[in-house]
Amino acid sequence: MNCNFTRVNQQPHTSLIDYPIEFLKGIGPQRAEALQKELSIYTYQQFLTHYPFRYVDKTQFQSVREVTEDSAYYQLRGHIIELEVIGDKRTKRLVAKFKDASGVLELVWFQGYKWMYEKLKANNEYIVYGKATSFNGRFNMAHPDIEIVNELILTNQSAFQSVYHSTEKLKFKSLDSDGIRRSQRNLNTLLTEQSIPETLTQSIIQDFRFLSRCESMKQIHFPDSKELLDKARYRLKFEELFFLQLKLLRNQSIRTLTVRGFVFSKVGEIFTNFYNNHLPFELTNAQKRVVKEIRIDMGSGKQMNRLVQGDVGSGKTLVALLSMLLACDNGFQSCLMAPTEILAKQHFITIHHLVESIGIKVALLTGSTKTKERRLLHQQLEAGSIHILIGTHALIEDIVVFKNLGLVVIDEQHRFGVAQRAKLHKKNSQPPHILIMTATPIPRTLAMTLYGDLDTSVIDELPPGRKPITSMHFMESQRLRLIGFMKQEIALGRQVYIVYPLIQEGEKLDFQNLQNGYDALLDDFPPPQYQISIVHGKLKSAEKEFEMQRFIKRETQIMVATTVIEVGVNIPNASVMVIESAERFGLSQLHQLRGRVGRGADKSYCILMTSYKLGADSKLRMETMVRTNDGFEISEVDLKLRGPGDLDGTQQSGILDLKIADLAQDGQILQLARSSAQAILNEDQQLLKPENQLLVQQLDKQSKIKESWRKIG
Ligand code: ADP
Ligand code: MG
């Protein structure tokens, strides 16, 4: 036996799976240190869940001639015929000519090329896997996975061989994919049903005919067959999602049991009067349904935590207002928090205008509210003479004290942090009801996870009479056509937005872009016939406001802007949205921007301007925008393209810690996992039954692991 184990025996209670990784045969202190630094792997358990990210199926190869699609992945088998380090200091790279019976392809390494140069040998046969990139009409592959055929065949145990993520530093310590696989093999021989105890209850295992946890761990690393690999993967994905959902749903159920909410028992005079006499239009069925859901929540005695998802223009503001009137009817104040000053102001104008005549006092509080005004406002809030407060982050400052806050509406929640939400909870003796409105449609899978502990409502219907927005993708060469089109629309009395990307406010280059665009525009749309507003992050808020107002009053026909106008701005007469360098925007952002038009009775257009050369991802984004106006469909594509890591709000949610499940792929498994977790909680709300103790232990263990990572990090 490995003498290292004697050290472990000094801690007799440590189970195999919690051993420090350095004790694993073939690892030792130095590699352990590298694994810790590079992949945060400290224990056998963590190493075990460093799952393969793919499997080489040695029966499936494509030929070089078949490499025809940009950004697609290919697995090839052939010989390296030439190896050369080329380029100057900055562009230095290793280029390998790779040849099979059908042709030659270049493999390129920019990083770690010295090491690769030593590892690879001309005339050897390799299996290569990587993403093809077209360059000057020819394809190459940068940083492919590459394995020598001889070695593969020697270690071959089954048709599926696991491939692991590694890093440049780990490769130096002989822990490339092959090295990791060898160590995984050593660990795998130690696994027993005792050392890898079951985490799911027998009834779940039977219901789903799952492999045991131990067997799954064996098969996921060293599959005996495709079928067993699929089963192992299925079980491990389920397990991961199940505990995530169980945690969320248990939190929700604990909250329902312990947190009392204000009871808004009546629909009173204010609501009824407004509804019957002052509604500017008939509610859509979706709006009615959601208002009802909210009303039931707020009357139930529990504290509402509800997310309303509704595509841009679906009429969320009115739903918010009706909810706030219910609060008024029951003697409570409400507030509505918006992510930007422009938007807060706009909400204020809309809402103030709608309810002024029925005696509801609405106030606005933002960063630029003057001190004197602010002081008065604070007094009125404490006295209770303001019923509805609308504003930005300024709302949640501790100095803002309400007499009796009963409902908080958060518009575009993804811009607010968890800490800020927690602050809101403390604004009254009991936490107020919380209604979160988001116009960023998120895929169902993500919603279930990000907002898995919230109740959700969906406004899945647009107000009647909306004409679908026509979207077009223009290249630079079509700019003349664009200008002609804009002139034509302006001649019809419409207005046009032109948006420039600004990835970080104040980035010099982007600003230059905007300025150049504006200058060019002046040539094509000369004053006095044409007037142009310009709004960007460098303007003071009064200047921004001035420019916005000119556009709203139709004194200007064109609004040139950065993404400050992204959220919520409502100017129905604007019917054309031009997005410059559209390839630099994410899909959900493009969709948000497009939502600024199509708000009036006129036919609206969105024109996506891009350069001629587009990568495959950008092309797909443009095609998706042109094909559909459906925010949910767009969000699904977005999730597939970007993964959950880049989507708003994912950072705190734990979904980035997912080791095997993939929210873009595993929606069905997630659904099953969630309903199983829900079924268990329905039977045993507090997880007190003996058969569920296993699950409780597992939840505790997971949260402890998280804690200790935090300490280490
Ligand atoms: P969002 O959901 O994007 O916040 P808004 O609340 O800003 O949408 O509503 C978009 C536009 O639709 C507004 O001009 C609003 O007055 C109008 N609207 C809302 N509900 C209805 C309805 N039921 N019928 C007609 N128009 C409506
Ligand atoms: Mg809105």
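**Questions on a predicted model and its ligand**

Me: In this predicted model, which residue has a polar backbone atom 2.9 Å from a nitrogen atom of ligand 1?
Reply: A polar contact is a pair of N or O atoms within 3.5 Å, so a nitrogen atom of the ligand and a polar backbone atom at 2.9 Å fit that cut-off. The residue that supplies this backbone atom is Glu-282.

Me: Which residue has a polar backbone atom 2.6 Å from an oxygen atom of ligand 1?
Reply: Backbone atoms meet oxygen atoms of the ligand at two glycines, and for Gly-315 the distance from a backbone N or O atom to a ligand oxygen is 3.1 Å. The residue with a distance of 2.6 Å is Gly-313.

Me: How much of the area that ligand 1 exposes when taken alone does the protein bury?
Reply: Taken alone, ligand 1 exposes 560 Å². Around the ligand stand 16 residues, with Gln-287, Gly-313, Lys-316, Thr-317 and Arg-466 being the closest. Of the area that the ligand exposes alone, the protein buries 82%.

Me: How many residues of the shell around ligand 1 are charged?
Reply: The shell of ligand 1 can be divided by residue type, and four of its residues are nonpolar while seven are polar. The number of charged residues in this shell is five.

Me: Is Cys-335 buried or exposed?
Reply: The structure holds zero disulfides, and we can look at how two of its cysteines are covered. Cys-214 has a relative accessible area of 1% and is buried. Cys-335 has a relative accessible area of 1%, and because buried means under 20%, this residue too counts as buried.

Me: Which residue of strand E19 is the bridge partner of Val-496?
Reply: Strand E17, which covers residues 495-499, runs parallel to E19, and four bridges join the two. Strand E19 itself covers residues 558-561, with Ile-558 and Val-560 buried on one side and Met-559 and Ala-561 buried on the other. The partner of Val-496 in E19 is Ile-558.

Me: Which residue of E19 is the bridge partner of Ile-534?
Reply: Strand E18, made of residues 532-535, is also joined to E19 by four bridges, and these two strands run parallel. In E19, the partner of Ile-534 is Val-560.

Me: Which residue is joined to Pro-527 by a cis peptide bond?
Reply: Most peptide bonds are trans. Here, however, a bond with omega of about 0° is cis, and Pro-527 is one of the two residues it joins. The other residue has its place in the loop between helix H19 (508-524) and E18, and that residue is Pro-528.

Me: Is Leu-687 buried or exposed?
Reply: Leu-687 lies in the loop between helix H24 (667-683) and helix H25 (693-712), and its phi is near 50°, a positive value in a residue other than glycine. His-143, in the loop between strands E6 and E7, also has a positive phi, near 45°, and is partly exposed with a relative accessible area of 31%. For Leu-687 the relative accessible area is 2%, and because buried means under 20%, Leu-687 is buried.

Me: How many Å apart in space are Ile-469 and Gly-598, C-alpha to C-alpha?
Reply: Ile-469 lies in the loop between strand E15 (455-459) and strand E16 (470-475), and with a relative accessible area of 16% Ile-469 is buried. In sequence, Ile-469 and Gly-598 are 129 residues apart, but in space their C-alpha atoms are separated by 6.0 Å.

Terms used: Residues numbered from 1 in each chain as written. Chains lettered and ligands numbered in written order. Predicted model: local features only at pLDDT ≥ 70, side-chain atom pairs only at ≥ 80, totals over all residues. Heavy atoms only, no water. Near = heavy atom within 4 Å. Polar contact = N/O pair within 3.5 Å; in protein donor to acceptor, adjacent residues only side chain to side chain. Areas by Shrake-Rupley, 256 points an atom, 1.4 Å probe, with all protein chains shown as cover. Nonpolar A, V, L, I, M, F, W, Y, C, P; charged D, E, K, R; others polar. Disulfide = S-S within 2.5 Å. Buried < 20%, exposed > 50% of the residue type's maximum accessible area, 1.4 Å probe, protein only. Pairing = 2+ DSSP bridges.
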